[in-house]
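Reader: I'm new to this one and would like to see how the labels are earned. Could we go through a few charged pairs together?

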Amino acid sequence: MRRVDLTIGIGGAAGQGIATPGDILARIFVRRGLHVNAYNAYQSIIRGGHIFLTLRTSDQPVLSQGDKIDVLVPLNQDTMDRHLRLMRPGSAVLFNSDTIKPGVVADGVQLCPFSVKALAPAIRGDLVQNTIALAAILRMIKVEFKILEEILAIQFRRRGAAAVAENTGVARAGYDCAATHFTEFSFSLPDMGKRLAFFEGNQALAMGGAAAGVRFYCAYPMSPASGVLHWMSRHARQLGIMVRQVEDEIGVINMAIGAAHTGCRAMCATSGGGFALMTEALGAAAMMEIPVVCINVQRAGPATGVPTKTEQGDLWQVLGAGQGDYPRIIVAPTNIVDCFKLVPTLFNLVDKFQCPGIILSDLLLSEGRSSIDPAELDFKVPIDRGDVIGLNGDGPPVNGHFKRYLVTESGISPRALPGTPGFSHVVATDEHDEDGVLISDEFTDPHKRQAIHEKRMRKMDGVLPLLPSPELHGAAGAQVTLLGWGSTEGVIREAIQQLAEANVAANNLQIRWLVPLHAEAILSILSKCRKVIVVENNYSGQFARYLRSETGFAADGHIRKYDGEPFMPHHLVDGVNAILAGSTKLYVPVHEIQV
Amino acid sequence: MATMVQTERVKVTVKDLKGKVDPDWCPGCGDFGVLAALKQAIVEAGLEPHKVLTISGIGCSSNLPGYLNTYGMHTLHGRALAVATGAQLANHDLKIVVTGGDGDGYGIGGNHFVHAMRRNVDLTYIVMNNQIYGLTTGQLSPTSIKGMNTKSTPFGSVENPINPIPLAIAAGASYVARGFTGQQRQLVELIKGGLQHRGFALIDTFSPCVTYNHDNTHEFFKQRTRKLEEMGHDPTDLHGALEKGWLWGEVIPIGLFWRRQDLPALDQLEPVLGEGGPLAHRPLGVASDIAQALIKELM
């Protein structure tokens, strides 16, 4: 059983300083070994709008942002007006009563007004209310003041001793105010005895790249993928990684291909719009047989879409990226640890099979933050570069005429890096013969074309046996199977816990490796399931359609959400109930609140 | 192995640079002259063929890497400079030659062209400028002259062409030259100068199309081109370079317009390349103390 399950919501306009109290709270929680999940709902605006950070902590793993807010900190009237009506009995609302007025409130919701003018009369600035609220929350959950004091000292260190003293003074006033005027929560925060790490999916993807030995990273800024670029840029010199910001995404992928051709492990990240620009070159990488990894952090489309909102709407885009048939490996990490671990795995595969690899993340996963056990971040990963000649600048003695695209049973041909004496050859985006000579223009040869095309495509047969088969999570024979892919794993599993409490037995099949797809294994599992509901964050059921095209399997029901916000557990619970009751086959929830 | 390389180095001749197949360009195409000049320049510059990577886009002239016995990449239309930038930064021990046409470089690849020059990437870029799209059978190119009749402008083009020389100077290229396949010796010198230059070198080359461009023919350029050295031009004179670069008409200057040697190439400015040799040959993996530091940031 959970001893603690606390969710704090901090909301305001962009520029009101929501991130800092959020970071401080998260740091306090993970230092006690508590699990944390954080999701920041925001807009494409630098000042103004409505930003809402949901920070949830528990002694047990936190799989999603949950369904409820226990502590609301509205930093402006707008946030109060939007969120107050959703507050439930037992929750508390902390606000600056100088500027914010509460509205109608449910019974059992504790209003905790404080006056910034009274508590910190000498101090100016909009951020004072944040510090007071932060300190008051900590008092209400019985965290000792000295812990906050230590963190404030670290947080404001760069601004000097006076800033530290000022903020500590303000915090003290807020802390004491809560002790006198507000009712504390019944639980206290346990100390689990082991510190956890706390980071976002984009950091995990970047660190996974570093672990894989990425030496070349390039990107064009695009939300929500820029976090990877930022991490890479900050650590470039420490890690010896060449990081470049390029003129456009066409340049990005081509630059990465150039670097990869010389032997570097090269990676880039973008969102759907940038990915669209990259598609021709991904086919080029496959044609020239150059391994490269591209991350697509999906956001709500089409076109510019909703740049700061999440969606799983690019599945068919990556499945069909670029003209012609070509080998590609596509994977959708299902959680933040997965983001870290899958990058080296994918690099080993694309190096071995000399083809592009695509990681399909989304805003929820990439910008969502989660606590993890630091032991999970093992940088000592196996590295397999495949069949490469000249990695150290030299090669074996030349054995006859080098054929870069030698037709083999596996489809994998020996690869030689530029600079290696004796292995000169041309790689081409035009169709070519085994030795790289074009067969596209003069004397096109159907037999050669067929043979070399089959050689390239045959490589995919070797990939599938190396990928783990998906496994059913939870008891077999459950009443309902929730089938998801990528980032929905956490919320699906939390919904399953809630369904179990309501005596509905559900299990989960979460798909990670999308291409190649373990179609037979999936079909074998699903054929034994009683009722299958596909859960995905898009309009048209992209995965359900893909699954049907690969297996012929048609699901019994669908839960889809495409309003820009991620699923909350109750959306899935309600959907399962509605589908089980037979009232619909397609359940489409919408977010109850405008964030 | 080492001695073998040594021997190879001494013996490199134009013959050694012959590719696996012969060019399939139209008889009389200017590109033959560029290929010959490039081979001669590689030999005279003393480059080892396996350390040269020739990268092209798409078009008649972009088939060139297949006719040359160096490492080669025949990339997508317009993308050669982006690929080359990645390759140069990943292995700065290679000498990277980029070849292509005016449509490839100044049209579809225009964005990469400008940015590769402002970054001063250490590349030798030879544009075989025939002022027409040849491989697509004769449409307007970005350098086609105003009024030109082509398949896509049957009533004459109303657009102004790009002038790559002042554009390159303004964008930050540190070596800007124009050659003509009718002046082979000069072209060899210009390409060799580009290969020996540390930074972005553009050698825009009049390489007449005998099939689709009947305006800007070999004869046209023979009558009008004049060597800059004979005009008393100083390639370190910026204003002179821009002024000469603008000239088009009865006199069209060819030669070295602009060169500056005080500008470091991008790879020389990048601290990550400071020590440890080319990135492509560095061992993979993160040292355990650094890994610990990275994890500590998250705690």
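Author: Here are some questions about salt bridges and exposure, in a model that is predicted.

Reader: What makes E184(A) and R139(A) a salt bridge?

Author: Their side chains come to 3.0 Å, N to O. The cut-off is within 4 Å, so the pair counts as a salt bridge. E184(A) sits in the loop between α6 and β7 of chain A, while R139(A) is in helix α4, 45 residues apart.

Reader: Why is E184(A) called partly exposed?

Author: Its relative accessible area is 39%. Buried means under 20% and exposed means over 50%, so E184(A) falls in between. R139(A) has 21%, so it is partly exposed too.

Reader: Why is D22(B) called exposed and K18(B) partly exposed?

Author: D22(B) has 53% relative accessibility, and exposed means over 50%, so the label fits. K18(B) has 43%, which lies between 20% and 50%, so that one is partly exposed. The two form a salt bridge, with the closest N and O atoms 2.7 Å apart.

Reader: How do you know that K95(B) and D122(B) form a salt bridge?

Author: The N to O distance is 3.8 Å. That is within 4 Å, so the pair qualifies. K95(B) lies in strand β3 and D122(B) in the loop between α5 and β4 of chain B, so the salt bridge ties together parts 27 residues apart in sequence.

Reader: Are K95(B) and D122(B) buried or exposed?

Author: Both are buried, which means under 20% relative accessible area.

Reader: How many salt bridges are there over all chains?

Author: The structure holds 34.

Methods. Residues numbered from 1 in each chain as written. Chains lettered and ligands numbered in written order. Predicted model: local features only at pLDDT ≥ 70, side-chain atom pairs only at ≥ 80, totals over all residues. Heavy atoms only, no water. Helix = DSSP H or I, 4+ residues; strand = E, 2+ residues; numbered from the N terminus. Buried < 20%, exposed > 50% of the residue type's maximum accessible area, 1.4 Å probe, protein only.
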